[in-house]
Amino acid sequence: MDQPDTQAGSPPGDPAGRTLPPGDWAEPAERLDELYRWVEQGALRTADRYLADRRRRRRASGALRGGTAAGAVAGAALPLLDATGAVSGCAPWGYLALLLAVACAGADRVFGLTSGLLRDTVAAEEVVRRLRTLQFDWAAECAREMLGPAEGTAAEAVERCLGILRRFSDDVADLVRTETTEWLLDTRAARPPLALRTTHPRHDPPPPSRPFTPHSGPRPNMPRQRPPEPR
């Protein structure tokens, strides 16, 4: 039984989550089918969110990488042309092109476009792979019920189905949480600190001078010398 999503107005992959669709447990089979469609649509929304983000990052990353390559080539070619005399006075433009290449590479690293593109691709593929596993597990459970359960009651069958859906939902949530944590770590590692901490040399005050105190003990007796004898 395919029903529309109750949160149709929310954007795909909304991290705020979705509420369970209303239903009646008087018909457990139809209710389980509704919950399966709801879980499946949530996984597809998550995969679509990563794929949409990948498309945006791919365009921006392609532009920055193209600027890096063009700037590097122009920065190496223009000084050579100036040195050989083919085009005079173009060496300063080569330095400007190198600066442009460095700026494009730095922007790509700071904003995490290329690395984010790879993470989005891997995350979308992992969500789809887990969804395929869920579909086969659910088909196996449905076939078991159609052929007749060999053991257990109907309540135990419903509990097994709910366990499959819950494990899948937790697995996808852990995947999203891990990817978000990696994105935060990459962003913090790529961006420089806002203010550099300057260190000043430490000037410790000189130790206080100890006042001179005369020796209070007895004065040592020096040996008396004999005067020289007259010759």
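These are my notebook entries on one helix, its packing against another, and a pocket in the model.

**Entry 1: helix H1.** I worked from a predicted model throughout. I first looked up the extent of H1, which covers residues 28–84, and found that its 57 residues reach 83 Å from the first C-alpha to the last, close to the 84 Å expected at 1.5 Å a residue. I then checked what comes after the helix, and noted that H1 is followed by Gly85, whose phi is positive, near 85°.

**Entry 2: H1 against H3.** Next I looked up how H1 packs with helix H3, residues 113–147, and recorded an angle of about 160° with the axes 8 Å apart. Because angles over 145 degrees count as roughly antiparallel, I entered H1 as roughly antiparallel to H3. The crossing of the two helices I noted as left-handed. Sorting the residues of the contact of H1 with H3 by type, I obtained 19 nonpolar, six polar and seven charged.

**Entry 3: the second largest pocket.** I turned to the second largest pocket, for which I noted a volume of about 280 Å³. Its lining consists of 13 residues, and those nearest the pocket centre are Pro28, Ala29, Leu32, Glu145 and Cys161. I asked which elements give two or more residues to this lining, and found H1, H3 and helix H4, the last spanning 154–190. H3 supplies the largest share of the lining, with five residues. By type, I recorded ten nonpolar residues and three charged ones in the lining of this pocket, with no polar residue among them.

How values were computed. Residues are numbered from 1 along each chain as its sequence is written. This is a predicted model: local features need pLDDT of at least 70, side-chain atom pairs count only at pLDDT 80 or more; totals for chains, interfaces and linings use all residues. Side-chain values use heavy atoms; hydrogens and water are left out. Axes are lines fitted to C-alpha atoms, for helices over the stretch in contact, and angles run from 0 to 180 degrees between N-to-C directions. Helices (H or I, at least four residues) and strands (E, at least two) are DSSP runs, numbered from the N terminus. Angles under 35 degrees count as roughly parallel, over 145 as roughly antiparallel, 65 to 115 as roughly perpendicular and the rest as oblique. A crossing is left-handed if the near helix is turned anticlockwise from the far one by less than a right angle, and right-handed if clockwise. Ala, Val, Leu, Ile, Met, Phe, Trp, Tyr, Cys and Pro count as nonpolar, Asp, Glu, Lys and Arg as charged, and the others, Gly among them, as polar. On a 1 Å grid over the protein atoms alone, a cavity is a set of points where a 1.4 Å probe fits but cannot get out, and a pocket is an open set with protein on both sides within 12 Å along at least five of seven lines; lining residues have an atom within 4 Å of a point. Grid points are joined across faces, edges and corners, and a volume is the space filled by probe spheres set on the points. The expected span of a helix is 1.5 Å times one less than its number of residues.
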